[in-house]
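I opened a new page for this protein chain. My plan is to look up ring pairs, charged pairs, cysteines and packed helices, and to write down what I find.

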Amino acid sequence: MLNILIPSCGKSEFFSDSYYPKNVIEINGKPMIQHVIENYSDIPDKKFTFIILQDECNRFHTDHVVSILTKKDANIITLKNPTGGALCTCLMAVEYINSDDELIIANNDQVICEDISCIIEGFRKCALACALICFDSVHPRWSYARLEGENVVETAEKRPLSRHAIAGFYYFKRGRDFVMGAKRSIRKGETYEGNYYISAAINEMILMNKKVGYTSIDNTSYFSFYSPEKINTFIKYSGDMPETF
């Protein structure tokens, strides 16, 4: 079983004027979260877990939306309040991911126009404990990886360590390794502007001598829905994409 965890609790100042929450903003006639779910349609033997704010579910029934889109085969966790950051949000799913099963943690506002199944198989062949998908950037909005050869030796939040920006996709051979790294980073108080991020957990795995690797994709294969401008970029180029996008 491959667990796919989609934390969906973050607020965005870019969509503060939108009546509907970011998860269900329509892009090419589909809610944003539908694009995310369909991005992983070719992965067999998977289980989705979504973490959504309870208020959003009460007002807009986002939990029903993801349940229908996953054919009622997803774990749905609702939170009354935001947490101390993406890392803490992910740990709300600890009962589902603290195991020897593989784990993907992915953003709820992006699509990667590559064969993700093939990318995961490459990570498996390299016997990686953790792996990232990267693209080329130096903008401080992203998290970054510093490399030595084929290995990731450091990650940082909103601080360019290299031209290898992390595309909001984190693979773990065992979910329990992520949980261990996350707890270690929280005990150390490793925060960025008061919030805990997944990059800190990866640094802890590196310190535990876990093998962390990466693969790079072309920028034209990565689309973030970070802002309305980014959504418009996706819409502009989507006419040349496969039908699933």
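**Aromatic rings**

I started with a group of rings: Tyr40, Phe48, Phe50 and Phe169 are linked into a cluster by ring pairs. I keep in mind that this model is predicted.

Next I counted aromatic pairs across the structure and got 15. I took Phe223 and Phe234 as my example. Their ring centres are 5.3 Å apart and their planes stand at 75 degrees. Planes over 60 degrees apart count as edge-to-face, so this pair is edge-to-face.

I then looked up where the two residues sit. Phe223 is in strand β13 (residues 222-224), and Phe234 is in helix α9 (residues 228-237). They are 11 residues apart in sequence, so the pair ties those two parts together. Are Phe223 and Phe234 buried or exposed? I found both of them buried.

**Salt bridges**

My count here came to 16 salt bridges. I opened three of them.

The first joins Lys47 and Asp73, with 2.7 Å between the closest N and O atoms. Lys47 belongs to strand β4 (residues 46-53). Asp73 is in the loop between α3 (62-69) and β5 (74-79). The partners are 26 residues apart in sequence, so the bridge ties separate parts together. I noted Asp73 as partly exposed, because its relative accessibility is 40%.

The second joins Arg163 and Asp136, again through side chains, at 2.7 Å from N to O. This one links distant parts of the chain, 27 residues apart. Arg163 is in the loop between β10 (151-157) and β11 (164-172), while Asp136 is in strand β8 (residues 130-136). Asp136 has 36% relative accessibility, so I wrote it down as partly exposed.

The third joins Arg146 to Glu148, with closest N and O atoms 3.7 Å apart. The cut-off is 4 Å, so I kept this pair as a salt bridge. Arg146 is partly exposed, at 32% relative accessible area.

I also traced a network. Asp100, Arg174, Arg176, Asp177 and Lys210 are joined by salt bridges that share partners.

**Cysteines**

How many disulfides does the whole structure hold? My search found 0. I checked two cysteines to see what lies around them.

Cys90 is in no disulfide, and its nearest cysteine sulfur, on Cys88, is 9.3 Å away. The cut-off for the two sulfurs is 2.5 Å. Cys90 is buried, at 0% relative accessibility.

Cys134 is in no disulfide either; the nearest cysteine sulfur is that of Cys130, 10 Å away. Cys134 is also buried, with a relative accessible area of 0%.

**Two helices**

I turned to helix α7 (residues 175-187) and helix α8 (residues 198-207). Their axes come within 8 Å and cross at roughly 105 degrees. Angles of 65 to 115 degrees count as roughly perpendicular, so α7 and α8 are roughly perpendicular to each other.

Which residues make the contact? On α7 I listed Asp177, Phe178, Gly181, Ala182, Arg184 and Ser185. On α8 I listed Ile198, Ala200, Ala201, Glu204 and Met205.

**One glycine**

My last stop was Gly168, in strand β11. Gly168 is buried, with a relative accessible area of 7%. Leaving aside neighbours within four places in sequence, Gly168 is in contact with Ile105, Ala106, Asn107, Gln110 and Tyr222. Tyr222 is 54 residues from Gly168 along the chain, and their C-alpha atoms are separated by 9.9 Å.

Terms used
Residues are numbered from 1 along each chain as its sequence is written. This is a predicted model: local features need pLDDT of at least 70, side-chain atom pairs count only at pLDDT 80 or more; totals for chains, interfaces and linings use all residues. Side-chain values use heavy atoms; hydrogens and water are left out. Rings of Phe, Tyr and Trp (its six-membered ring) pair if their centres lie within 6.5 Å; planes under 30 degrees apart count as stacked, over 60 as edge-to-face and the rest as tilted. Helices (H or I, at least four residues) and strands (E, at least two) are DSSP runs, numbered from the N terminus. Buried means under 20% relative accessible area, exposed over 50%, partly exposed in between (1.4 Å probe, protein chains only). Axes are lines fitted to C-alpha atoms, for helices over the stretch in contact, and angles run from 0 to 180 degrees between N-to-C directions. Angles under 35 degrees count as roughly parallel, over 145 as roughly antiparallel, 65 to 115 as roughly perpendicular and the rest as oblique. Contact means heavy atoms within 4.5 Å.
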